[in-house]
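Let us walk through this model together, one part at a time. Keep the sequence and the 3D view side by side as you read.

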Amino acid sequence: MKRKTGAPSVLGLLLIMLCCLWPLAGSAIENSECLDCHGDPDLTKESTDNILNTEITESLYVDEDRFNRSVHNINGITCVDCHSDIEELNYDEEVPHKKELKHVVCASCHEEAGQDFKDSVHMKMRTKGVTMTCYACHGYHYVRQMEGASVTERENSICLKCHNPYQFHQWLPARSSHFSNVECVVCHAPDVPRHINLKIYDLVSNSYYDSSRLSKVLGIDFDQLMRTVDKNGDDVIDPSEFDNLVLLLKQKNIHPVFHAELVADISSIAHHVNRGTAQKTCQKCHSANSPYFNSVQVVFTHDDGTVDSYKVDRAVLETYYVSHFYLLGGTRMKLMDRIGLLILIGSACVVGMHLTARILTIPLRKKNEEETS
Amino acid sequence: MSSKSIENGHHLHKGAATMAHEGMIYIHPAPVRVWHWINAVGFVLLILTGFQIRYAELLHLMPLGDAITLHNYIGFVVIADYFLWLVYYIGSGRIRIYIPDLRHVVTMAIKQAVYYGYGYFIGRPNPHKMTPDNKFNAMQQQAYLVIMLVLLPAQMVTGVLLWKIKGYGEYINLLGGIKVVDTIHVLLFFFFTAFLMIHCYLATLGHTPLAHFKAMFTGYEEEH
């Protein structure tokens with residue numbers, strides 16, 4: 001089992017430690033103090049729109065519930081970890097901190113991502129006078145744990161904010177299917193690690209099963225479920241163990257289908273998007289030995305936004321359990337190939353045997369013809 | 001078909017044949033020949049592009065994207081061609097040549113199988129005499145009836161669904177998912193490939209190896 005936190009490992013840990021130690025030093029500003037004011041939906045400030053150069057009213061409201069489910073909060077990042085120029089709050093003032101705060105520099109924690117972003121088309125846009133900030137794509141207070149997110153959620157929250165994929169990709173057969181099942185950066189950031197995310201989908205309620213719903217229906221603890229499924233304890237669910245998982249669900253009257261999507265790993269290299277480098281060779285995906293399907297995992301999102309993923313043997317993609325995902329050539333069933341070969345060899349043998357008998361019996365037919373005439 | 005109608009057809013035909021080609025019998029009308037050869041070329045191209053699509057890592061006849069595009073276009077040509085066949089055969093009433101006579105079909109099919117497996121080798125005459133109204137032997141009738149009314153439509157429907165898997169997503173789900181639809185399409189693909197192989201071989205079993213091939217161009221079969 002692999003629990004994803006999405007935090008930049010070392011820096012994240014350091015920050016968490018800092019967060020833990022800070023209260024001991026007596027100088028930390030708690031999130032609750034910030035939210036005393038910023039939790040008010042009516043909190044606004046008058047500002048100037050950078051592009052239109054007009055006066056605008058900007059909301060300063062932060063939705064506490066959404067923030068609490070954000071990847072930053074889950075990893076213990078506090079408001080002042082990012083807004084680090086707020087050192088103390090002075091409640092004697094109308095605004096208890098500086099009115100104009102510095103821009104948050106995401107790359108001060110996400111160093112690697114910052115480096116990869118520098119060598120990307122989105123950074124190079126600056127030469128044309130367009131500046132792309134991190135939060136233009138990712139947002140800021142509500143950055144979600146995306147490991148378990150669907151392709152649609154991933155694309156809607158990032159690429160599709162600016163890009164309309166139907167304006168391009170005329171060369172691509174079955175465009176809608178690609179856009180629905182393959183995340184943009186899988187092709188557009190060719191170096192990014194990829195995997196197939198499998199999710200249990202309930203056709204009756206038209207929704208995915210998350211961990212709490214599954215635990216509730218099955219009546220067992222979620223961790224216990226996966227220990228039950230992975231019988232040999234090798235941390236990989238092979239096809240026979242997958243059979244058991246489906247059987248277990250069916251015993252509880254759940255008749256699931258497994259939805260699969262090809263997504264990119266949540267890693268900094270996903271920023272490495274450049275013009276002309278996108279993967280356009282169909283065979284890279286659409287062939288039986290494609291490395292794109294080496295990593296398969298079943299993912300469950302928990303109520304608190306964290307995600308659990310379990311490795312699954314690639315052969316599971318060839319089964320009928322994953323009946324709503326088929327990648328031409330890439331995840332084809334080898335059984336079909338064997339049946340096909342048998343049909344073709346069988347018919348070739350029939351033809352060959354008949355032809356041989358036909359040639360061998362030529363003298364016999366001639367003799368019979370002569371006798372008849 | 002009753003033996004009376006066979007005789008009638010044979011008679012009618014003989015008159016026409018005497019006028020046009022001595023010893024020849026007009027079996028394949030022009031619309032059937034047009035349908036047949038478009039279908040034949042279409043099948044060969046669909047099979048080649050089909051193999052390229054499924055086995056992109058083994059075959060390198062053309063880029064996969066081109067193979068898919070070509071496969072789609074040819075697929076629609078074959079579908080249109082199917083409707084030419086359907087309209088012609090239903091419109092002219094000739095569709096009955098595909099309907100086996102249930103009273104005799106089993107006996108006739110056994111006789112035909114015995115001929116292919118034994119009688120042919122020792123020079124016995126074909127138990128089935130081809131006439132315009134009784135073109136197919138009992139084995140052909142059964143095979144073509146299933147192919148034209150069940151298997152080919154199934155291949156066309158699954159092909160169209162696979163052409164736009166997102167657009168036809170709901171129909172695909174009703175059938176059990178894309179893998180089920182693909183399985184049907186692929187199994188029929190192997191069946192039709194095998195069919196083409198056997199069909200071409202059986203076509204060489206005429207009076208001369210090329211006699212039936214020629215007839216499918218001219219429309220006239222030799223009378224024996």
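The buried residues of α2(B) are covered by elements including α3 (64–92) and α7 (178–202) of chain B. Here a residue is buried if 20 or more other C-beta atoms lie within 10 Å of its own, exposed if 12 or fewer, and partly exposed in between, with C-beta atoms placed from the backbone. Helices (H or I, at least four residues) and strands (E, at least two) are DSSP runs, numbered from the N terminus. In α2(B), the buried residues are B:Trp35, B:Leu46, B:Thr49, B:Gly50, B:Gln52, B:Ile53 and B:Arg54. From its first C-alpha to its last, this helix of 25 residues reaches 35 Å, close to the 36 Å expected at 1.5 Å a residue. That expected span is 1.5 Å times one less than the number of residues in the helix.

Before going further, please note that this is a predicted model, in which local features need pLDDT of at least 70, side-chain atom pairs count only at pLDDT 80 or more, and totals for chains, interfaces and linings use all residues. Residues are numbered from 1 along each chain as its sequence is written, while chains are lettered from A and ligands numbered from 1 in the order in which they are written.

How confident is the predictor? The score pLDDT is its confidence in each residue, from 0 to 100. Chain B has a mean pLDDT of 88, with 90% of its residues at 70 or more. Among the elements of this chain, helix α2 (residues 30–54) of chain B has the highest mean, 97, and helix α1 (residues 3–20) of chain B the lowest, 40. Residues 1–20 of chain B have a pLDDT below 50, and beyond near neighbours in sequence this stretch has 23 contacts in the model. Two residues are in contact if their C-beta atoms, placed from the backbone, lie within 7 Å. For the complex, the predictor gives an ipTM of 0.86 and a pTM of 0.80.

Now look at where the two chains meet. Chain A brings 35 residues to the contact and chain B brings 29 residues. On the side of chain A that touches chain B, α10 (175–181), α15 (334–360) and α16 (362–372) of chain A each supply at least two residues. The most come from α15(A), with 10 residues. By class, this side of chain A has 17 nonpolar, 14 polar and four charged residues. In this sorting, Ala, Val, Leu, Ile, Met, Phe, Trp, Tyr, Cys and Pro count as nonpolar, Asp, Glu, Lys and Arg as charged, and the others, Gly among them, as polar.

Next, turn to chain A itself. It is divided into domain 1 (1–143), domain 2 (147–332) and domain 3 (340–372), with bounds that come from an automatic or database domain assignment. The C-alpha centres of domain 1 of chain A and domain 2 of chain A are 30 Å apart. Their contact takes 16 residues from domain 1 of chain A and 20 residues from domain 2 of chain A. On the domain 1 side, β1 (2–4), α6 (111–118) and α7 (121–124) of chain A give two or more residues. The most come from α6(A), with four residues.

What lies inside? The largest nonpolar core has 51 residues, and those with the most contacts inside it are A:Val185, A:Leu198 and A:Val312. Such a core is a set of buried Ala, Val, Leu, Ile, Met, Phe, Trp, Tyr and Cys residues joined through C-beta atoms within 7 Å. The element that gives the most to this core is β7(A), with five residues. Beyond its neighbours within four places in sequence, A:Val185 is in contact with A:Val192, A:Ala264, A:Ala270 and A:Val273.

Follow that last contact to A:Val273, in the loop between β7 (257–264) and β8 (296–301) of chain A. Why does A:Val273 count as buried? Because 23 other C-beta atoms lie within 10 Å of A:Val273. Not counting residues up to four places away in sequence, A:Val273 touches A:Ser120, A:Val121, A:His122, A:Val185, A:His188 and A:Ala189.

Finally, visit A:Asn253, in the loop between α14 (239–251) and β7 of chain A. A:Asn253 is exposed because it has just 7 other C-beta atoms within 10 Å. Its phi is positive, about 65°, although A:Asn253 is not a glycine. Most residues other than glycine have a negative phi.

Key. pLDDT is the predictor's confidence in each residue, from 0 to 100.
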